[in-house]
Amino acid sequence: MTYLLFLALAPAIFLMYYVWNKDKSKEPFGMLLFLVILGVLSCIPAAIIEGVLDDIISAFFSGNTYIYNFIKAFFGVALIEEGCKFVFMYLYTHKHKEFNGLFDGMVYAVFVSLGFAALENVFYVVDGGAGVAVARGLMAVPGHMFFGVFMGYYYSLWHVNKLCDESEKYFAKLGFIQIKAPSYKYSKNLVKAVVVPVLFHGLYDFCLFTENIYFIFLNLALVIALYIVCFARIKKMSSSDIEDYKLIPQLLCQKYPELTHIVNPTVVNPMSVPQDYYTTLQNKAVYYDPYANMK
């Protein structure tokens with residue numbers, strides 16, 4: 001039993017370590033542990049909702065294999081699991097003071113996803129044995145991480161664009177700029193943080209549920225592609241990691257060159273802007289009141 005538990009948990013622990021090692025500014029251990037626990041807890045509502053939906057879907061579509069498998073994969077499993085993981089992650093992290101860097105959102109999503117995957121894997125491995133542990137350690141557990149990578153990527157983009165939008169409004173209020181298009185449409189990234197992992201998760205499950213040799217090969221091709229794309233994305237986002245109080249002024253200056261000598265901290269003699277602006281970006285008070293320390 002102990003041996004099987006080790007086999008079940010080892011892939012998730014290894015992948016967590018990999019992503020943690022890529023984070024330049026390490027998140028507090030307690031926060032990461034709590035994210036894993038949230039991932040585990042998200043299994044509870046996911047299992048309940050999936051059970052209810054499975055009965056409903058079976059009542060209407062079980063006669064048509066492809067339609068049934070499609071609806072179950074995308075709406076009965078993928079949407080529920082990715083939705084639950086996202087909700088648990090978002091509620092805990094979106095106002096957290098440690099959410100202060102480009103790579104952070106990816107770390108949060110991956111840890112929640114692997115917490116979910118770890119508990120799920122325990123049940124499958126204890127029931128199926130070492131062979132199941134190997135197969136799921138190469139496919140299902142990394143799959144959950146890959147879905148988390150997409151979720152975290154767009155979650156980080158939402159975070160950065162939200163801060164840019166708030167900063168843009170702040171400097172417009174001071175009279176330094178006139179807001180111009182394109183606007184920072186940060187909400188769409190929050191939608192993508194759920195939709196994109198649901199699409200990949202749904203396709204993965206649909207191929208498995210169909211139990212057709214062609215779909216099995218399609219699933220293998222999908223997993224190989226996800227290995228390549230997601231590890232490359234982790235590496236690229238990690239190498240580009242930068243703290244908010246440095247990144248946001250840079251992005252603002254790209255859109256508003258006239259702000260270069262106002263907010264860009266790399267300029268030798270920047271104009272006198274309230275230092276509270278940078279403090280706010282560092283402390284995340286902007287989430288509670290965008291102008292609390294800027295007046």
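**Serine 183 and its loop**

I started with serine 183 in this predicted model. Its relative accessibility is 43%, so I logged serine 183 as partly exposed. The cut-off for exposed is over 50%, and buried means under 20%. Serine 183 sits in the loop between H7 and H8. I then looked up its distance to asparagine 161. The two are 22 residues apart along the chain, and their C-alpha atoms are separated by 9.4 Å.

Proline 182 lies in the loop between H7 and H8. I checked the peptide bond between alanine 181 and proline 182. The bond is cis, with omega at about -5°.

**Glutamate 211**

Next I went to the loop between H8 and H9, where I found glutamate 211. Its phi is positive, about 55°, although glutamate 211 is not a glycine. Buried or exposed? I read 69% relative accessibility, so glutamate 211 counts as exposed.

**Isoleucine 48**

I found isoleucine 48 in helix H3, which covers residues 43-61. At 55% relative accessibility, this isoleucine counts as exposed, because the cut-off is over 50%. I also looked up isoleucine 80. From isoleucine 48 to isoleucine 80 there are 32 residues in sequence, and 9.8 Å in space from C-alpha to C-alpha.

**The whole chain**

I stepped back to the chain. It has 12 helices and zero strands. Of its 295 residues, 50% are buried. I noted an accessible surface of about 14,200 Å², with 68% of that belonging to carbon and sulfur atoms. I also looked at contacts between residues at least 6 apart in sequence. Of these, 80% join residues at least 24 apart.

**H1 against H5**

How do H1 and H5 pack? I took helix H1 as residues 2-22 and helix H5 as residues 104-128. The angle is about 170°, and the axes are 8 Å apart. The two helices are therefore roughly antiparallel to each other, as the angle is over 145 degrees. I listed the residues that make the contact. H1 brings Leu4, Leu5, Leu7, Ala8, Leu9, Ala12, Leu15, Met16, Val19 and Trp20. H5 brings Val107, Val110, Phe111, Leu114, Gly115, Ala118, Asn121, Val122, Val125 and Val126. By class, I logged 18 nonpolar residues, two polar and no charged ones in the contact of H1 with H5.

**Nonpolar cores**

I turned to the largest nonpolar core, which has 63 residues. Which members touch the most others? They are Leu35, Met89, Tyr108, Leu114, Met145 and Leu259. I then checked which helices supply the core. H1, H2 (29-41), H4 (65-93), H5, H7 (140-174), H8 (187-210), H9 (213-239) and H10 (244-255) each give at least two residues. H7 has the largest share, 16 residues.

I followed leucine 35 further. I left aside its neighbours within four places in sequence. Leucine 35 is then in contact with Tyr92, Thr93, Tyr108, Phe111 and Val112.

I also found a second, separate core of six residues. Among them are Leu4, Ala8, Val122 and Val125. I matched these four to my H1 and H5 list: Leu4 and Ala8 are on the H1 side of that contact, Val122 and Val125 on the H5 side.

How values were computed:
Residues numbered from 1 in each chain as written. Predicted model: local features only at pLDDT ≥ 70, side-chain atom pairs only at ≥ 80, totals over all residues. Heavy atoms only, no water. Buried < 20%, exposed > 50% of the residue type's maximum accessible area, 1.4 Å probe, protein only. Contact = heavy atoms within 4.5 Å. Areas by Shrake-Rupley, 256 points an atom, 1.4 Å probe, with all protein chains shown as cover. Axes fitted to C-alpha atoms, helices over the stretch in contact; angles between N-to-C directions. Parallel < 35°, antiparallel > 145°, perpendicular 65-115°, else oblique. Nonpolar A, V, L, I, M, F, W, Y, C, P; charged D, E, K, R; others polar. Core = buried A, V, L, I, M, F, W, Y, C linked by side-chain atoms within 4.5 Å.
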